[in-house]
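User: Please take a close look at one chain of this model and explain how its parts meet one another and their partners. A connected account would be preferred to a list.

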Amino acid sequence: MTDARTAAWMTRLRRRSMPFIGAAIFIVLWELFCQLYHVRPVLLPPPSLILQELSLAPLWFAEQAMYTLGITLAGFVVAAVLGVLFAVLITEWAVLDRLLFPLFVALNSVPKVALAPLCIIWFGTGAEPKIAIAFLIAVFAVVIDTILGLRSVPPDTIDLARTLRGSRWKVLTRIKLYCALPHLFAGLKVAMSLALVGAIVGEFVSSQRGLGYVILSAQGMFDTPRVFAAITILAVMGVLLIEAVSIAERLALPWHHSTERPAGH
Amino acid sequence: MIVAQDVAKRFGGETGVTAIEGISLSIAEGEFVSLLGPSGCGKSTFLRCLAGLETITGGSLTIEGKPVDGPPERLGMAFQRDALLDWYNVLDNVLLPADFHGERRSAYEPRAHELLKMAGLTSFAKAYPRALSGGMRQRVAMCRSLLLDPRLLLMDEPFGALDALTRDQLNVDLHRLWERQRMTVLFVTHSISEAVFLSSRIVVFSPRPGKVIEDIKVELPGERKLSVRDSAEFGHYTRHIRGLFESMGLLHD
Ligand SMILES: Nc1ncnc2c1ncn2[C@@H]1O[C@H](COP(=O)(O)OP(=O)(O)OP(=O)(O)O)[C@@H](O)[C@H]1O
Ligand SMILES: [Mg+2]
């Protein structure tokens, strides 16, 4: 009994530690490469130098990261809420679908980066234009996946709902939204990483704060280690944000995971 | 209760597939009617027309004098795949019809528990469907279709995917239930012995386009035990129906 439990625990530990081992190998190879070939830090700083850069002003980096994180989350939340609403409107009313969906696709085909300067004109230079860009870049993924999900109700379930003579509201809230959840979360993961991209783009265009600003200003001074320090924080932040969505998914869909068999056996 | 006159259903316009044609049938309140017929002959289609899920393209179809134009009131339906909602636990699945009818959940909870107890699922009330076996899922689906005391129960091969043993048990349960409640049941099946065991009447369809080729009244002792299947009358009915299938060229030795 306890043996089995220790064994299970060991497998879990091993599986959990895999990604870290992968990252560690990557970092060690990078360090070796820089040291052996004496690469100039302006071109590619070794990880040790990046770490040193981070440790020189940890609070300042944390402050910039927090700013970017705030923009990302705000853009993400707005994209998630409006995206789901839009998807529901479009799937519930065929007229709206025909009226608005082509327009939506057309608008989405415009490169959002090109809209960034416009956002500055419309919203000024505070946080709002950056949130708007993060939202614009992220919302498409939410809408497309939610529409797919809302239309993925199995035929038998639709028949069941019809024979029960429920209102459209009941069908939407008891059946369609639940069917959409797994697709919605797939879309939210994409949207989260896109929102991060949007936040950085916004900060590139105009900002005195945030990791995008750090990258841009350090680049201007050929301070490559600082650029890499900001990029490292971004990478870690991206992984953590996606992981957060995955955890939310597990909490929101207990029926999907609670009885899942352990993989591989 | 149900009157079908020359009912036809064609899918997809003039050149489409005619699933059923010229079906005339009247079913009285409280009958247990099985529909038997070769695969693809339109049994499901006829059931779906009755449930208001398809519109007929010919003839007339009335339930209690009213033409069918949408799912009728007090209808219970059981599907081949149980159509349980994965995101609700067993109890919530059973209570779904009450929820959809805008009834108060608490008013129907005792009834739901009673049905689950009858189905031997009391200890699974809080389990998700994913954790249940095929037979248990089908029993939950049956509880769900019975929650609001339907007057008409339409069942499309509800036990088709189950093993023989579970199927026998559910047959006994279903028959006992019908004896007690006497709702009208239309039951589609591929199994001749299942049809004879359960029904008060068996309607045999021809190959597509489906027509009624035989309407058999089944007279077996009221209280049915599985042993009835070894009786001479039972064998008489199954032999007769198998003979019909042979004469349609659907079975050879
Ligand atoms: N939605 C549909 N569109 C087009 N054709 C259909 C549709 N539904 C059924 N059909 C056709 O109608 C015919 C009858 O189908 P139906 O499902 O009623 O048969 P069935 O008697 O229930 O068969 P089985 O015993 O295999 O379930 C089939 O030939 C099928 O191809
Ligand atoms: Mg069928």
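The request concerns chain B, and the reply should cover its two domains, its ligand and its contact with chain A.

Analyst: The structure is a predicted model, and the account below moves from the domains of chain B to the ligand, then to two backbone features, and lastly to the partner chain.

The domain assignment divides chain B into domain 1, made of residues 1–74 together with 151–253, and domain 2, which covers 82–150. Domain 1 is thus written in two segments, with domain 2 placed between them in the sequence. Over C-alpha atoms, the centres of the two domains of chain B are 25 Å apart. Their contact involves 15 residues on the side of domain 1 and 12 on the side of domain 2. The size of an interface is often expressed as the accessible area that is lost when the parts come together. For domain 1 and domain 2 of chain B this buried area is about 1100 Å², of which 69% lies on carbon and sulfur atoms. On the side of domain 1, the residues that lose the most area to domain 2 are B:Arg74, B:Leu170 and B:Leu177, which together account for 34% of what that side buries.

The polar links between these domains can be counted as well. There are zero salt bridges between domain 1 and domain 2 of chain B, while two residue pairs are in polar contact. Two elements of chain B, β7 (152–156) and α6 (164–181), each supply at least two residues to the side of domain 1 that touches domain 2. Of the elements on that side, α6(B) gives the most, with six residues. Sorted by class, this side of domain 1 holds 10 nonpolar, two polar and three charged residues.

Ligand 1 comes next. Its surroundings are formed by residues of chain B, including B:Phe11, B:Ala19, B:Gly40, B:Cys41, B:Gly42, B:Lys43, B:Ser44 and B:Thr45. B:Ser39, B:Glu157, B:His190 and B:Arg208 are also among the residues around ligand 1. Three of these side chains can be described by their distances to oxygen atoms of the ligand. A polar side-chain atom of B:Ser39 is 2.5 Å from an oxygen atom of ligand 1, and a polar side-chain atom of B:His190 is 2.8 Å from an oxygen atom of ligand 1. For B:Glu157, an N or O atom of the side chain lies 3.4 Å from an oxygen atom of ligand 1.

Two points in the backbone of chain B also deserve attention. Most residues other than glycine have a negative phi, and most peptide bonds are trans. B:Arg208, one of the residues around ligand 1, is joined to B:Pro209 by a cis peptide bond with omega near -5°. B:Pro209 itself is placed in the loop between β9 (201–205) and β10 (212–217) of chain B. B:Asp149 has a positive phi, near 50°, although it is not glycine. This residue belongs to the loop between α5 (134–146) and β7 of chain B.

The contact with the partner chain completes the picture. It takes 26 residues from chain B and 21 from chain A. The two chains bury about 2300 Å² between them, with 63% of that area on carbon and sulfur atoms. On the side of chain A, A:Leu164, A:Arg165 and A:Trp255 supply 27% of the buried area, more than any other three residues. Eight residue pairs are in polar contact across this interface. The elements of chain A that give two or more residues to it are α7 (155–163), α8 (168–205) and α11 (254–257). The largest share, seven residues, comes from α7(A). By class, the side of chain A that touches chain B divides into nine nonpolar, six polar and six charged residues.

Salt bridges are found here too. Side chains of opposite charge can pair when their charged atoms come close. The whole structure holds 24 salt bridges over all chains, and five salt bridges are counted between chain A and chain B. One salt bridge joins B:Asp99 to A:Lys170, with the closest N and O atoms 3.2 Å apart. This pair crosses between chains, from helix α3 (residues 96–100) of chain B to helix α8 of chain A.

Methods. Residues are numbered from 1 along each chain as its sequence is written. Chains are lettered from A and ligands numbered from 1 in the order in which they are written. This is a predicted model: local features need pLDDT of at least 70, side-chain atom pairs count only at pLDDT 80 or more; totals for chains, interfaces and linings use all residues. Side-chain values use heavy atoms; hydrogens and water are left out. Domain bounds come from an automatic or database domain assignment. Contact means heavy atoms within 4.5 Å. Buried area is the accessible area (1.4 Å probe) that two parts lose on being put together, summed over both. A salt bridge is a side-chain nitrogen of Lys or Arg within 4 Å of a carboxyl oxygen of Asp or Glu. A polar contact is a pair of N or O atoms within 3.5 Å; within protein, one must be able to donate a hydrogen and the other to accept it, and residues adjacent in sequence count only if both atoms are side-chain atoms. Helices (H or I, at least four residues) and strands (E, at least two) are DSSP runs, numbered from the N terminus. Ala, Val, Leu, Ile, Met, Phe, Trp, Tyr, Cys and Pro count as nonpolar, Asp, Glu, Lys and Arg as charged, and the others, Gly among them, as polar. A residue is near a molecule or strand if one of its heavy atoms lies within 4 Å of it.
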